[in-house]
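Colleague: Could you walk me through a few side chains and ring pairs here? I'd like the cut-offs along the way.

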Amino acid sequence: LNEFKKYDYEYVSGSKSSYNQTELTFTSMLYLNYFLDHKSEKYKNTKNFYPQNLRINYDEMPLIQLLNSINYKFYFVGNTRGNCENFVKRNCLVKKENNLKLLDQHISMLEVFLLRSPYIAIFSKINERIRRVLKIPLYNNNYSDNDAINKFIDNIDIKNYPKNSFFLIHNLYPHSPYVYNKDCSKKNLNKTIISTLNTNKIDISEGYRDNYLCSLKKTLQFIKFLEKNDKDAVVIFQGDHGKYFKKDNRSEKLEIFNLIKKSETCNNKITNQIDNVNAIRYLIDCATNLKIKLIEKQSFWGPYLQTDENWGKLFKVN
C-alpha cells in the first residue's frame with residue numbers, strides 16, 4: 001500500500017460492497033443508485049442485470065444517459081463472462097478475434113444469461129463430457145481475457161487518447177480459475193482441469209492469494225501507465241465484493257478493496273462512504289462540472305442459488 005501512496009492514491013479501509021453478487025453490484029453502478037433493496041419484490045431472473053443489460057437495455061441505463069447528456073463516451077473493457085464485443089457492440093477498444101475464441105465467449109454469454117439456473121448444471125455436464133472426449137481445456141482464454149487492465153493498455157490509442165471518456169474496466173481476478181502466479185505469469189495448470197468444479201477445488205487458498213498479489217501488481221502497473229499517459233484522470237480501483245474465508249461470513253464477503261486517486265477537483269471527500277454506487281457518483285463529480293452528492297451507503301444480501309426459497313429477495317445488512 002505504501003507504493004500506492006507515492007502516486008497520491010488513498011486506500012480506504014472498512015469499505016463495503018453495495019451487494020454480494022457481481023450482477024447486482026455492477027447494475028447498481030450503472031443505475032447510480034441502489035436499484036433493488038429489501039423492500040423490492042423478488043426478481044425472477046437476471047436478464048435485466050449486468051452484463052446482459054449492456055446488451056438489452058444499454059440506452060436506458062442512467063449512467064449512460066448522464067454521460068450522453070454531457071458528451072462523454074462510455075467504454076467497457078470486460079472479461080470472459082462479459083465483454084464489449086458481444087454485449088455493448090459500440091466504442092469497443094478490443095476487437096473480435098478468431099472463431100474458436102468467439103465460440104467460448106458465446107458459451108460464457110449463455111452461462112451468464114442462465115446464471116443461478118438449474119439449466120447451467122445440465123449444460124455444464126454435457127459441455128464437460130464433450131471437452132473430455134476431445135481433450136479440450138476449458139480455461140485456455142482466461143489468462144488473457146480476464147486481464148482487462150492489460151487489454152486496455154494494449155489496445156488504447158495513446159497518440160489519440162480519448163478525452164471526455166468514462167472507462168469501466170472489469171478485471172476478473174482474484175477470481176477462479178486461479179490461473180495467475182503472484183508475479184502475474186501464467187500457472188502451469190494440468191490439462192485435465194477442464195471444469196469449474198475441478199478448478200475451484202484446486203489450490204483455493206494459495207491460488208486466491210497468488211491472484212490477489214497479482215492484482216496488486218497489476219494495479220500498480222496501471223497506475224504507472226496512467227501517470228505517464230493520463231495524469232489528470234480520476235480513478236478508483238475497487239472490488240465488487242469479497243470472498244468467503246469462513247463459511248457464510250456475510251461481513252467478510254461484503255468487504256472490498258477500495259483505492260481512490262486524490263484530486264482537488266472533487267466536492268466530496270474520500271471516506272468509506274464511497275462504496276460501489278457512490279464510486280461512480282464520486283468519479284463523475286470529480287471529473288466534470290456536475291456537482292453530484294454521495295448518497296447514504298447501504299449493503300444488501302441475496303441468496304446465490306435459485307433452489308433457495310428466498311432467491312430473488314434481498315436483505316439489508318447493517
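Modeller: Happy to! Rings of Phe, Tyr and Trp (its six-membered ring) pair if their centres lie within 6.5 Å; planes under 30 degrees apart count as stacked, over 60 as edge-to-face and the rest as tilted. The model is predicted, so local features need pLDDT of at least 70 and side-chain atom pairs pLDDT 80 or more, while totals for chains, interfaces and linings use all residues. Residues are numbered from 1 along each chain as its sequence is written, and side-chain values use heavy atoms, leaving out hydrogens and water.

Colleague: Which residues form one aromatic cluster with Trp-311?

Modeller: The cluster includes Phe-35, Phe-49 and Phe-300. Besides Trp-311, its other members are Tyr-19, Tyr-31, Tyr-34 and Tyr-43.

Colleague: How many aromatic pairs does a search of the whole structure find?

Modeller: Phe-26 and Tyr-50 form a stacked one, 4.4 Å centre to centre with 20° between the planes. The whole structure holds 24 aromatic pairs.

Colleague: Which side chain of opposite charge is nearest to Asp-230?

Modeller: Asp-230 is buried (under 20% relative accessible area, with exposed over 50% and partly exposed in between; 1.4 Å probe, protein chains only). Its side chain makes a polar contact (N or O atoms within 3.5 Å, one able to donate a hydrogen and the other to accept it; residues adjacent in sequence count only if both atoms are side-chain atoms) with that of Tyr-161, at 3.2 Å. Asp-230 has no salt bridge (a side-chain nitrogen of Lys or Arg within 4 Å of a carboxyl oxygen of Asp or Glu). The nearest side chain of opposite charge (Lys and Arg positive, Asp and Glu negative; His and the chain ends not counted) is 4.3 Å away: Lys-163.

Colleague: Is Glu-264 buried or exposed?

Modeller: Glu-264 has a relative accessible area of 84%, so it counts as exposed. Its C-alpha atom and that of Cys-286 are separated by 8.1 Å. In short, Glu-264 is exposed.
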